[in-house]
Amino acid sequence: MTKVSKRRTSAHVGGKFGGNYSRRRVIKGLAAGAGAAAIGFPNIVRAQKGGEVFVRTSGGSYQDALQEGTWSAFEAKTGIRVVPVAANTAKMLAMVQSGEGGLDLIAGNEPATITLRNEGALVELDKSRFEYTDLDDIAPVTDHYVGYSVFAEVLVYNKEVFPDRHPGSWQEFWDVGTFPGPRSLQDAKAIAPNLEFALLADGVSRADLYPIDVDRAFNKLSEIKPHIVKFFDTGALGASMIAEKTVVATSLWANRAQVLIDKGAPLGIEWNEGMRMLEAGAILKSAKNLDNAYRLLDFELSPEPQANTLPKVLLSPANKKAFDFIDPTLAATLPTSPQNREIGFDNSGAWWVENRDEVLELWQEFLLQ
Amino acid sequence: MARTSIEEIAAPPTTPAPPRPAGGGAAIRLSDLWKTYGDTIAVAGCDLSIAAGEFCTLLGPSGSGKTTTLMMMAGFAQPDRGEIFVDERPITKLPPQKRDLGVVFQNYALFPLMTVFENVAFPLQMRHSTRAEVRERVARVLEIVELTGLEARYPGQLSGGQQQRVALARAIVFEPRVLLMDEPLGALDKKLRSALQLEIKHLQQRLNVTVVYVTHDQEEALTMSDQIVVMRDGKIEQAGTPEQVYDEPWTVFVANFVGESNLLEGTITEIDEHEVVIEHPAGRLFRALRRGDARNGDQVRAAVHLERLALTNGEVPTDGNSWPGRVREVTFLGDAVKYAVVVGETRPSLAQTLVVKENRRDAAQRFTAGDTVTVTWAPEYTKILASESSG
Amino acid sequence: MSIQRQAHDGLAELAVPPLPRHLVRQGRRDWTLIMLLVPALGFLAVFFAYPMADILMRSFDGDQGFTLEHYGRFFERTIYVRVLLITFEISGSVTVLTLIIAYPLAFVLATVSRRTAAILMAMVLIPFFTSILVRTYAWIVILGPEGLFNQVLGGLGFDPVQLLYNRPSVLIGMTYTLLPYMVLTLYSVMRGIDAQLVRAAYSLGASDWNVFRRILLPHTMPGIIGGSLLVFILAVGYYITPRLMGGDRDQMMATIIEYQVDLLLNWNFASALAAILLTITLVGFGLYAWLVGLRTLFESRT
């Protein structure tokens with residue numbers, strides 16, 4: 001507490017706010033607490049032969065698929081134990097700022113990943129370390145992150161409510177006269193609001209979505225808002241609302257919808273005007289198992305693990321070579337199949353990183369209107 | 001039936017209260033009242049009539065049903081059977097707030113968040129008196145209980161005696177038909193208790209209000225009451241004036257509960273106009289006052305109060321009972337001395353101890369343990385008790 | 001009454017002699033008391049005071065050091081003030097609802113035998129041994145489109161209604177989870193009321209209504225105020241229930257603090273929001289202390 005920060009010494013602040021207070025220390029404390037909690041976790045057994053690597057997970061069927069299609073093979077091959085850890089962006093940032101570790105390799109949607117990069121939380125990737133993967137096969141590859149998979153956000157509807165004709169575009173989704181019933185769309189807390197879909201509904205062509213006309217998008221969202229029961233702020237809520245018929249149509253991640261359909265929910269996926277989004281892989285600066293993180297990232301990106309893992313949950317591999325190992329009929333159902341490519345569009349992570357904060361501020365006000 | 005209102009006595013009358021009208025109808029009457037709690041019979045068939053203006057005390061040990069009886073009168077307990085009448089109107093089905101009876105509780109139950117004034121004004125406000133009327137009547141009743149000037153105090157700021165008076169004032173300010181008091185002096189020390197006993201009695205006489213008073217203190221009952229109702233195990237054991245209950249106990253229980261008595265057993269051997277002769281198992285005879293139903297050969301018990309016995313070591317009067325004995329124990333009481341005297345020592349299994357209470361007129365203590373004495377007492381104070389299973 | 005009042009000083013009797021000799025000597029006694037407080041004070045210092053101070057510091061921390069911009073921002077945009085008003089609105093409604101439900105319940109608990117009271121109390125409390133998340137999801141199931149309510153409605157021939165994700169569902173969920181705090185506070189106060197006072201009032205001619213208004217209400221006032229304050233303060237900081245059961249308009253302070261922390265990573269502004277929430281809570285306490293006195297919150301009166 002006696003350390004004096006050089007950075008903050010403005011006159012009216014004095015030692016009171018400049019000297020005694022260090023943000024880093026605080027975060028350190030917070031993360032120490034998180035670390036202490038993790039020690040109690042039974043599946044964390046230290047002193048394994050090959051060491052371990054802490055990977056961010058979003059749980060559910062996706063984690064099962066990863067365990068089955070990728071991590072088991074990786075553990076068998078390298079002796080490195082893969083430990084899944086749940087964390088959101090704020091928690092990851094706190095881990096990095098405190099330097100306490102606890103998480104090495106992360107995968108997340110592109111805007112969140114770019115946010116972390118902008119906060120200086122990501123390792124600049126050393127491309128020479130990749131052995132299993134030819135990075136030329138991966139799209140995209142940036143200094144701090146690489147594409148891992150592609151998922152799609154699509155229009156999902158209830159087949160019992162719309163047995164003959166269902167909303168087949170966002171314009172029709174907005175048409176509550178022809179397709180009556182309560183709806184849901186995505187909340188900012190679950191990646192981002194569906195501004196793109198609003199613009200499509202308003203007649204903007206897929207090619208002209210970016211840069212997004214934010215005001216126009218919000219105006220169009222206001223139109224549908226009275227028919228929105230609740231904007232889903234987690235994938236789980238979106239899934240349960242459509243599954244339990246709280247809403248008759250919603251935007252949702254295709255892989256989520258597919259899980260429901262596989263369980264027997266009478267849902268239909270409309271791929272038309274689906275939005276493809278990138279899930280990116282990156283390594284946190286605070287990684288304590290840097291080598292293992294590189295090895296796992298390298299392995300995860302290689303064609304066979306990608307092929308064994310991602311299609312199961314309706315995700316497209318980011319490694320184009322992976323398609324050599326995927327049954328073509330299965331490949332045709334994935335977000336990046338030629339047909340789906342034709343009728344869908346790519347989300348612009350770059351635009352969102354630039355404009356996300358502004359949109360999020362507006363979003364809160366929009367919700368209260 | 002002349003009830004004196006508070007207004008009338010605001011200026012205290014110089015003459016004593018008029019005597020109670022003889023033969024006035026019962027102010028409150030109980031008819032075959034029963035109450036059980038689970039398996040316990042609290043009150044078992046009480047019949048009781050209390051005249052207007054009478055001070056009636058329910059006397060008994062705890063568990064005798066006296067408080068339950070009072071609570072049934074007040075309406076806080078519902079009788080299983082029987083009827084309660086006030087002025088010959090049945091009130092058994094009425095809720096407490098409609099009975100118009102004043103109740104003074106054991107712990108006073110003053111409202112701690114209200115001032116003395118507010119406490120006393122409460123029953124008047126409940127009866128929708130006007131503000132002026134409330135002010136006037138509260139002031140008067142506080143004057144009667146001598147609490148004028150303490151209107152703004154809270155009960156917590158008052159002494160026990162003052163709290164008692166507030167409770168009393170609150171219970172009489174609305175001039176209830178009957179005032180029910182549940183051991184109202186129980187929490188006070190002895191001195192204050194005696195003072196308040198008199199005060200309550202005087203107040204009752206001045207207001208000529210009918211009072212039903214519950215206590216386990218026989219002295220209090222004797223001091224205050226016009227009628228004492230001795231209760232035991234939910235039943236009325238004996239009812240009568242203090243003198244009757246004290247001097248002519250019907251049962252062993254009453255004889256022992258109201259005052260202290262020596263009990264003598266024996267068989268009637270002789271009956272004349274006023275007295276009977278009873279033979280004690282030890283072989284000695286004694287005379288007792290005759291009871292109408294006494295017959296030769298009856299096994300009876302008789303009671304005689306401790307202070308009715310006397311001790312002598314000299315001349316023995318010829319006209320009374322006299323038994324020789326030996327002093328076993330002497331107890332000093334301050335104003336009196338108690339001697340335990342063993343009589344009939346020759347046959348230990350039949351020996352009897354008589355307790356004699358003698359007032360001290362001078363400092364001398366007349367006997368010590370071991371002294372040979374004669375116990376004497378008059379037959380007229382020896383009362384034959386109703387036969388009953390001993391309790 | 002005065003005798004009973006003196007009878008129980010509980011542990012407070014320890015504060016005055018007779019104490020064991022070695023504790024009576026003044027210095028030693030202070031020392032002992034301090035030692036007894038160390039665990040609690042230490043815990044509070046590490047897990048309450050320090051984070052609290054950190055939040056305060058952070059709320060004044062800008063690029064150029066000390067700044068009030070985060071507080072300024074709160075008042076610049078109507079949205080935050082509106083969220084604050086919504087927070088008060090929801091918390092106030094929940095407080096009133098818990099009071100309305102808890103008062104008669106606590107009265108019953110206080111008047112039945114202790115044995116029955118224990119059983120009833122267990123029924124109130126046992127659901128609270130499970131996590132708030134489980135209980136909230138239970139409500140989501142009950143109120144859901146195929147939940148109990150709608151099944152009953154369906155059975156009666158009505159169309160299902162939307163019971164979730166709106167203000168009433170937030171109020172139901174929060175009232176349910178906060179009810180025991182109100183019940184317990186009121187119960188402890190009501191248990192302390194002398195039943196003779198109620199009897200006395202009846203004997204003096206008071207109707208049921210007057211017994212309630214003149215006797216019960218004033219005597220339970222510390223419980224009403226204490227319970228309301230407790231529930232209100234807890235409600236103001238509520239997060240899970242409004243997030244899971246609320247609609248888009250049911251944003252509360254905690255929700256937007258989370259939004260700032262998690263999504264916008266604006267921890268300084270989030271700290272300012274938290275500080276404002278804390279200040280309001282403290283003002284609430286201050287108001288209570290001024291109106292009623294804090295002692296009544298922690299002491300039951302007889």
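**Figure 1. Low-confidence stretch of chain A in the predicted model.** Residues 1–48 of chain A have pLDDT under 50 throughout. Even so, the model gives this stretch 55 contacts beyond four places in sequence. These contacts rest on positions of low score, with pLDDT under 50. Across chain A, the mean pLDDT is 86. Of the residues in chain A, 87% score at least 70. The model is predicted, and the close-ups below should be viewed as such.

**Figure 2. Low-confidence stretch of chain B.** Chain B has an average pLDDT of 88, and 92% of its residues score at least 70. Residues 9–23 of chain B fall below 50. Beyond near neighbours in sequence, the model shows 14 contacts for this stretch.

**Figure 3. Interface of chain C and chain A.** Here 40 residues of chain C meet 42 residues of chain A. About 3,800 Å² is buried between the two chains. Carbon and sulfur atoms account for 55% of that area. On the chain C side, C:Tyr165, C:Asp248 and C:Tyr259 lose the most area to chain A. Together these three residues make up 18% of what the chain C side buries.

**Figure 4. Polar and charged pairs between chain C and chain A.** Four salt bridges are found across this interface. A salt bridge joins the side chains of C:Arg77 and A:Glu361, with an N to O distance of 3.6 Å. Polar contacts link 12 residue pairs across the interface of chain C and chain A, with both residues at pLDDT 80 or more.

**Figure 5. Interface of chain C and chain B.** Contact here involves 22 residues of chain C and 24 residues of chain B. Chain C and chain B bury about 2,200 Å² between them. Carbon and sulfur atoms give 64% of this buried area. Salt bridges across the interface of chain C and chain B number zero. Three residue pairs are in polar contact between chain C and chain B, both residues being at pLDDT 80 or more.

**Figure 6. The second largest cavity.** The whole structure holds six cavities of 30 Å³ or more. The second largest cavity has a volume of about 90 Å³. Its lining is made of 13 residues. Nearest the centre of this cavity are A:Lys189, A:Lys230 and A:Asp233 from chain A, with C:Gly247 and C:Gln251 from chain C. Seven residues of the lining are charged. Three others are polar and three are nonpolar.

Definitions and conventions: Residues are numbered from 1 along each chain as its sequence is written. Chains are lettered from A and ligands numbered from 1 in the order in which they are written. Side-chain values use heavy atoms; hydrogens and water are left out. On a 1 Å grid over the protein atoms alone, a cavity is a set of points where a 1.4 Å probe fits but cannot get out, and a pocket is an open set with protein on both sides within 12 Å along at least five of seven lines; lining residues have an atom within 4 Å of a point. Grid points are joined across faces, edges and corners, and a volume is the space filled by probe spheres set on the points. Ala, Val, Leu, Ile, Met, Phe, Trp, Tyr, Cys and Pro count as nonpolar, Asp, Glu, Lys and Arg as charged, and the others, Gly among them, as polar. pLDDT is the predictor's confidence in each residue, from 0 to 100. Contact means heavy atoms within 4.5 Å. Buried area is the accessible area (1.4 Å probe) that two parts lose on being put together, summed over both. A polar contact is a pair of N or O atoms within 3.5 Å; within protein, one must be able to donate a hydrogen and the other to accept it, and residues adjacent in sequence count only if both atoms are side-chain atoms.
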